[in-house]
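This report describes one structure for a reader who has not met it before. Please look over the sequence and the model first.

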Amino acid sequence: MTQTTTLPCGDPFHLANFDPSFSGNIEHKRQAKAETKDNMEALFELQARLYAENRRSLLVVLQAMDAAGKDGTIKHVMGAFNPQGVRVTSFKAPSKLELAHDFLWRVHRAAPRRGMIGIFNRSHYEDVLIVRVLKLAPEEVWRARFDHINAFEKLLTDNATTIVKIFLHINPEEQAERLRARLDTPGKEWKFNIDDLDARQRWGDYMAAYEEAMTRCNTPHAPWHVVPANRKWYRNLAVSRIVRRTLEGLNPTYPDPEPGLDEVEIPPVRWP
Ligand code: ATP
Ligand code: MG
């Protein structure tokens, strides 16, 4: 079991080699929470600059099995951002209209415009994951999508969008506990979806599909990160670190003020 969260392009992802309970050298939850809070304050400031700069954008793709914490990550980590500069898109089973187009049609529309941060709760990867596992399209159709995805992501990055792809990694034991908690806790029952048990039964097929998708689509312009997600506090910490590092790498800056601003006087107004 290793702690590595990224791999060199071309190296095969073997998810069994990643420990979902890994928590680094963090000894206390308290310590993780303190660093996460610090990262979130930095995220807020970095986003303000990205928004003001209005030249580049960030796309965070979240993929995971059910109950692995996509929603929790969005709430706890992405909650750092000013809502005005973020757009979360949740990709569900495609509508009739969406199915009448190519699989990237709905995804491209949701790509973040300049200055914005886009968060994908599930994504175009579903089209090589659930579609593959449930045989919703023939193999030659979904297999061709690895190249389509790489070309699409290159198009976005060539257009000033930085892409970070995160797989929240839990194991079936942890999922069982969380699904049970949904069944047993008033106020959480609504989150329980009987179809999740079907996906759970196909755990091995999903892991194989994830491994191939992540291996084929781990590009220099859009790398995959595996985040150990059995412990929520470590998951939040790891995601906050990845996003912070990425935004710091972009180092967005406030635009220069227009010349002559120091001579501007605010005229008095009498009212009423
Ligand atoms: P939660 O359960 O936390 O609300 P969720 O993302 O699981 O979040 P659901 O409405 O339960 O949301 O499920 C959405 C379903 O849509 C998932 O099973 C997902 O695999 C499926 N889905 C998403 N994209 C596609 C696609 N392109 N083709 C087929 N199914 C898809
Ligand atoms: Mg679900």
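Helices (H or I, at least four residues) and strands (E, at least two) are DSSP runs, and they are numbered from the N terminus. The names used below follow that scheme. The structure is a predicted model.

## Backbone geometry

Lys135 sits in the loop between helix H5 (130–133) and helix H6 (139–158). Its phi is positive, about 55 degrees, although Lys135 is not a glycine. Most residues other than glycine have a negative phi, and most peptide bonds are trans. Lys135 counts as exposed because its relative accessibility is 70%, and the cut-off for exposed is over 50%.

Ala160 is another residue other than glycine with a positive phi, in this case near 70 degrees. Ala160 belongs to the loop between H6 and strand E4 (161–169). Its relative accessibility is 25%, so Ala160 counts as partly exposed. The peptide bond between Trp271 and Pro272 is cis, with omega about 0 degrees. Pro272 is part of the segment after H10.

## Surroundings of ligand 1

Ligand 1 is surrounded by 15 residues, and the closest of them are Lys92, Ala93, Arg122, Glu126 and Asp127. By class, this shell divides into eight charged residues, six nonpolar and one polar.

Which atoms of Asp66, Ala93 and Arg106 lie at short distances from ligand 1 is set out here residue by residue. Asp66 places a polar side-chain atom 3.2 Å from an oxygen atom of the ligand. From Ala93, a backbone N or O atom lies 3.1 Å from an oxygen atom of ligand 1. Arg106 has a side-chain N or O atom that is 3.2 Å from a nitrogen atom of ligand 1. On its own, ligand 1 has 630 Å² of accessible area, and the protein covers 79% of that area.

## The second largest pocket

Rolling a probe the size of a water molecule over the atoms shows where empty space is left. The second largest pocket has a volume of about 200 Å³. Its lining is made up of 14 residues, and those nearest the centre of the pocket are Thr5, Tyr234, Ala238, Arg241 and Arg245. Two or more residues of the lining are given by each of two elements, strand E5 (224–228) and helix H10 (232–250). H10 gives the largest share, five residues. The lining has six nonpolar, six polar and two charged residues.

Arg241 is one of the residues nearest the centre of this pocket, and Arg241 is found in helix H10. With a relative accessible area of 29%, Arg241 is partly exposed. Glu35 is 206 residues away from Arg241 along the chain, yet the C-alpha atoms of the two are separated by 8.9 Å.

## Buried and exposed positions

Is Phe91 buried or exposed? Phe91 is buried, because its relative accessible area is 5% and buried means under 20%. Phe91 lies in the loop between strand E2 (86–90) and helix H3 (96–99). Between the C-alpha atoms of Phe91 and Arg106 there are 8.9 Å, while the two residues are 15 apart along the chain. Arg106 appeared above with a side-chain N or O atom 3.2 Å from a nitrogen atom of ligand 1.

Val131 is in helix H5. Its relative accessible area is 9%, so Val131 is buried. Val131 and Val141 are 10 residues apart in sequence, and their C-alpha atoms are 9.9 Å apart in space.

Ile194 has its place in the loop between helix H7 (172–184) and helix H8 (195–201). Ile194 counts as exposed because its relative accessibility is 58%. Measuring along the sequence aside, the C-alpha atoms of Ile194 and Leu179 are 10.0 Å apart in space, and the two residues are 15 apart in sequence.

Terms used: Residues are numbered from 1 along each chain as its sequence is written. Chains are lettered from A and ligands numbered from 1 in the order in which they are written. This is a predicted model: local features need pLDDT of at least 70, side-chain atom pairs count only at pLDDT 80 or more; totals for chains, interfaces and linings use all residues. Side-chain values use heavy atoms; hydrogens and water are left out. A residue is near a molecule or strand if one of its heavy atoms lies within 4 Å of it. A polar contact is a pair of N or O atoms within 3.5 Å; within protein, one must be able to donate a hydrogen and the other to accept it, and residues adjacent in sequence count only if both atoms are side-chain atoms. Accessible areas come from the Shrake-Rupley method with a 1.4 Å probe; for residues, only the protein chains shown count as cover. Ala, Val, Leu, Ile, Met, Phe, Trp, Tyr, Cys and Pro count as nonpolar, Asp, Glu, Lys and Arg as charged, and the others, Gly among them, as polar. On a 1 Å grid over the protein atoms alone, a cavity is a set of points where a 1.4 Å probe fits but cannot get out, and a pocket is an open set with protein on both sides within 12 Å along at least five of seven lines; lining residues have an atom within 4 Å of a point. Grid points are joined across faces, edges and corners, and a volume is the space filled by probe spheres set on the points. Buried means under 20% relative accessible area, exposed over 50%, partly exposed in between (1.4 Å probe, protein chains only).
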